[in-house]
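Trainee: Please show me the model, and let us go through it by question and answer.

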Amino acid sequence: MSHQRIRFLFLNIGHFLDHLFVLIFATAAALTLVTEWNLSYGELIPYATPGFVAFGLCAIPAGWLADKWSREGMIVVFFIGIGLTSILAGFSETPMQMAIYLTLLGAMAAIYHPVGLALVVQGRQNTGVPLAINGIFGNMGVASAALITGLLIDIAGWQYAFIAPGIFSLGIGIGFFVFVRHHRQAVGPDKPESTPSAGTSLLAKKTLFKAFAIVLLTTGIGGIVFQSTTFALPKVFEERLGELAVSATAVGGYAFIVFTIAAFAQLAVGWLVDRYSVRRVFATVAIVQAVFLLAMTQLSGVAALLIAIAFMLAVFGQIPINDVLVGRLAKSEWRARAYALRYIVTFSVMASTVPLIGWIHGRWGFEVLFPILALSAIFIFIAVLFLPKAVAMAPIAKPA
């Protein structure tokens, strides 16, 4: 297997772990910690907020260090750091201790997106499918978080839901360190390519600024939808599925099924954006989100499960689109920082969304949350209509 393929595999595993770790607390809080620490769901989940703030704010320094020092070295730091901080979280005895360890975990988790995605697109011209494959692994991490956490809670307790994945990440980090060191000894340091991404040099500065503004706007609104659906879905299923989900493992299992099916929407969307107008694909995905999120408002039982699959297909399908746009617009030498800017917006919005979910749920329940999310998807649709044609149709080499 070539060096690029092995590195791509490590990067995919990293994306899986990144999303798994940041959602362990969501399932543990909904299913166990509310009882153990005698707090309501709305009172408990704000303790996760500092972690999501760190998840966003630390993306900028992570991207800067990667561009200036070493992208692969930063991925080693990611694997080791997120593993150690998750193990610490497993030893929390109070909500405040948990908040501190989740903040450290968020800082380590912030490394992956600006650095890992820059490595995924490095040296490639058609980036839609590689980003989609990488995105599938990330969303499988989202899916597995509920399942693995629920299973470990039922078998060994909530502490091991943090400790066991932490140990696994440490092992992967050591393996990646050995792989990187061996490759550098054989061929020397791996330098980013210095050529502009496809179409970048042909675009006027005004067009670039407009395109980045739309990317950041849709990123922010999309972060609200993504965070609300992925973070709250275990709780939604606990309330809406009734006798279909009577244990932590069952709730986690249904969430896993929904997230797993939805993850593969990224592969279809990645294939489409390499061949057709990004604006057309993006607008279609946004409208589908709005329709099915609104339909979820009053549903329960099997109907709720089926509609959840439908709206998560659209939510996950949106993820590679903005990443493809950033890859097209940004030169390689500052691409990690460009991805960092995109993800600092994403995760800052996601951080503020966590307490919002608790507040809305406490006052009105999920009957109000889903119409708000549908309206957010409509705003994304409107913003996408203003995407410059020169960017939407940026010249990309046809696959061989």
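Mentor: First a definition: buried means under 20% relative accessible area, exposed over 50%, and partly exposed in between, with a 1.4 Å probe and protein chains only. This is a predicted model, where local features need pLDDT of at least 70, side-chain atom pairs count only at pLDDT 80 or more, and totals for chains, interfaces and linings use all residues. Residues are numbered from 1 along each chain as its sequence is written, and side-chain values use heavy atoms, with hydrogens and water left out.

Trainee: How many helices does the protein chain have?

Mentor: Helices are DSSP runs of H or I with at least four residues, strands are runs of E with at least two, and both are numbered from the N terminus. In the protein chain the count of strands is zero, and the count of helices is 17.

Trainee: What share of the residues of the protein chain count as buried?

Mentor: The cut-off is the one given above, under 20% relative accessible area. The protein chain has 400 residues, and the buried share is 60%.

Trainee: Which residues have the most contacts inside the largest nonpolar core?

Mentor: A nonpolar core is a set of buried Ala, Val, Leu, Ile, Met, Phe, Trp, Tyr and Cys residues joined through side-chain atoms within 4.5 Å. Contact means heavy atoms within 4.5 Å. The largest such core has 120 residues, and those with the most contacts inside it are M98, F231, F237, F311 and F316.

Trainee: Which residue forms a salt bridge with E238?

Mentor: A salt bridge is a side-chain nitrogen of Lys or Arg within 4 Å of a carboxyl oxygen of Asp or Glu. E238 is partly exposed at 33% relative accessible area, whereas its partner is buried at 13%. The two are three residues apart in helix 10 (residues 205–240), so about one helical turn separates them. The closest N and O atoms are 2.9 Å apart, and the partner is K235.

Trainee: How many residues apart in sequence are the parts that E367 and R240 tie together?

Mentor: E367 forms a salt bridge with R240, the closest N and O atoms being 4.0 Å apart. E367 lies in helix 16 (residues 366–384) and R240 in helix 10, so the pair ties together parts whose separation in sequence is 127 residues.

Trainee: Is R240 buried or exposed?

Mentor: Its salt-bridge partner E367 is partly exposed, at 34% relative accessibility. R240 has a relative accessible area of 9%, so R240 is buried.
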